[in-house]
Amino acid sequence: MTREEETQLVLRVQNGDQSAFEKLVLDNQNRVFNLAMRMVNNEEDALDMSQEAFIKAYNSIDNFRGESRFSVWLYRLTTNVCLDFLRSKTRKAHSSLTFTEDEEDGKELEIPDERFSPDSITERNELREAIARGLNALPADYRAILLLREIESLSYDEIALVLELEEGTVKSRIFRARKKLCEILIADRNFSYTPASNRQKEV
Amino acid sequence: MDACGKYYEMISQLIDGELSAQQESELRTHMGNCPDCAKVYEAFSGISQGMNLEIRTAPAGFASGVMSKINEAQKSNRRKKQSPWKIVFPVAACLALVFVVSQSTGMFGGGKSANDTATLENRMFSSTYDAGSATDAAPSYKSEFAGDAETAYGDSAAIEISDKNTATELVELLVSGQPLQNRDIPTAAADYTVICYLGEDNSGDGSGERNISIWWQGDELLCRLDDRPQALYDCTASADEILAIINSYLD
């Protein structure tokens, strides 16, 4: 769908044409579901989140003024719905979902080793699986920003719109998220296999 | 290594293609001489590539499921309270609500009786609209306000609510209900107008303000955003609740 077609559909919805909204849903449902799925890691919850995001979009369609693509606005709604959901789930567990970024400033970046440059397909798959585990272990705000950047391929300024952050904050939060993910991967016991260390054992 | 601190962040930006040509060249030169940074670059790109995870797609029937939910919500009783969705204002915006107060026809004048309710009813809606219960007494308010969208400024005193929390709460309540479809825009003058001044330009026409026209109708409020004539909303809060907020702010 071109931006022009999208604009026309949005106008029609704003003027009361409900059926036009269905076309917008169809065009964006995979993006929204994919993001929700990676955020909450559970299909049933992800479907609920996705549906809620679209319903919120419909109810607040007059707030969409077309400064960005409709999908960017949807990403914002989806991210917020997922973050709220995750926050309410973990409130009892007392874990901090919004990372206090100050905590991270002092820590030095752990220099990673060769595991991150997989040579074989097996190693590549292992890395991919470890990353999927690592993503789930990240604080939700870091997970959201990495998903938007790496999976939805949004630019820094689009991410700034989605997360309502300054671009400088986007830049540094992505860096911190990657740094944190590295630490998680290094500590991941299931990911400690490397061909090099195996060879050493044989000696 | 502290010296490499700024390079680590640049490496992250390089992966995202967000460095200028000059910055990129400076970074690559540095990485040629710094094994630690080279390792960080490999790790960050490894992560980036490793994140080409399977793209999940929505199941068949998802879209029609969404549309049925929307239809259900439209048909269900509009008087039922729904949770307000948030209107997104810029974080830095200072939201001031200006209530235009004039003399009045005021439904919100102190000590009004049901008689005034009747008068109000006559002023309202075109006959296509179901006016609903007319027996509720008009809520009372410290000052009076009235006026229609055109003469909202009139010669009235304005009450500015600059407390962002109160202002935000009010706006969210006023424009929080279901959008009303397929109904006539009320032809009668609005009973009152709320003018929202936003700290930054956040209205489509560049004026930095949004007008909300409000019609009181029995126990419910209908609100219209003036910058979108078709946008008529059912306010989920009752007139009493709105006034309670205003009155407590004025205390």
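**Exercise 1. Read the layout of each chain.**
Task: in which order do the elements of chain B run from the N terminus on?

Solution. Step 1: start at the N terminus of chain B and write down each element in turn, which gives α-α-α-α-β-α-β-α-β-β-β-β-α. Keep in mind as you work that this is a predicted model.
Step 2: sort the elements of chain B by kind, and you get seven helices and six strands.
Step 3: now do the same for chain A, where the pattern along the sequence is α-α-α-α-α-α-α-α-α-α. Chain A therefore counts as having ten helices and zero strands, given how helices and strands are defined.

**Exercise 2. Describe each chain in numbers.**
Task: what percentage of the residues is buried in chain A, and what percentage in chain B?

Solution. Step 1: chain A has 203 residues, and 53% of them are buried.
Step 2: chain B has 251 residues, with 48% buried.
Step 3: look at the contacts with a separation of 6 or more. In chain A, 69% of these join residues 24 or more positions apart; in chain B the share is 72%.
Step 4: turn to the surface. Chain A exposes about 9,600 Å², with 46% supplied by carbon and sulfur atoms. For chain B the accessible surface is about 11,900 Å², and 47% of that belongs to carbon and sulfur atoms.

**Exercise 3. Check a helix.**
Task: what span should helix α1 of chain A have, and how far apart are its end C-alpha atoms?

Solution. Step 1: α1(A) covers residues 3–14, which is twelve residues.
Step 2: at 1.5 Å a residue, the expected span is 16 Å. The end C-alpha atoms of α1(A) are 16 Å apart, so the two values agree.
Step 3: list the buried residues of α1(A), namely A:E6, A:L9, A:V10, A:V13 and A:Q14. Viewed down the helix axis, they fall within an arc of 140 degrees, so they line one face of α1(A).
Step 4: ask what covers these buried residues. The cover includes α2 (18–40), α3 (43–59) and α4 (70–90) of chain A.
Step 5: see what follows α1(A). Here you meet A:G16, with a positive phi near 110 degrees.

**Exercise 4. Look for positive phi outside glycine.**
Task: where in chain A does A:N41 lie, and is A:N41 buried, partly exposed or exposed?

Solution. Step 1: recall that most residues other than glycine have a negative phi.
Step 2: A:N41 is not a glycine, yet its phi is positive, near 60 degrees. A:N41 sits in the loop between α2 and α3 of chain A.
Step 3: the relative accessible area of A:N41 is 46%, so A:N41 is partly exposed.
Step 4: A:S153 is another non-glycine residue with a positive phi, about 55 degrees. Its place is the loop between α7 (140–151) and α8 (156–163) of chain A.

**Exercise 5. Cysteines and cores.**
Task: why is there no bond between the sulfurs of B:C34 and B:C4?

Solution. Step 1: a disulfide needs two cysteine sulfur atoms within 2.5 Å.
Step 2: the cysteine sulfur closest to that of B:C34 is in B:C4, at 3.7 Å, so the pair is too far apart for a bond. Over all chains, the count of disulfides is zero.
Step 3: B:C34 has 8% relative accessibility, so B:C34 counts as buried. A:C82, at 0%, is buried too.
Step 4: the largest nonpolar core has 86 residues, of which A:F21, A:M39 and A:F70 touch the most other members. Leaving out residues up to four places away in sequence, A:M39 touches residues including A:C82, A:L83 and A:L86.
Step 5: a second, separate core has eight residues, among them B:L170, B:L173, B:C223 and B:A237.

Terms used
Residues numbered from 1 in each chain as written. Chains lettered and ligands numbered in written order. Predicted model: local features only at pLDDT ≥ 70, side-chain atom pairs only at ≥ 80, totals over all residues. Heavy atoms only, no water. Helix = DSSP H or I, 4+ residues; strand = E, 2+ residues; numbered from the N terminus. Buried < 20%, exposed > 50% of the residue type's maximum accessible area, 1.4 Å probe, protein only. Contact = heavy atoms within 4.5 Å. Areas by Shrake-Rupley, 256 points an atom, 1.4 Å probe, with all protein chains shown as cover. Expected span 1.5 Å × (residues − 1). Arc of directions from axis to C-beta. Core = buried A, V, L, I, M, F, W, Y, C linked by side-chain atoms within 4.5 Å.
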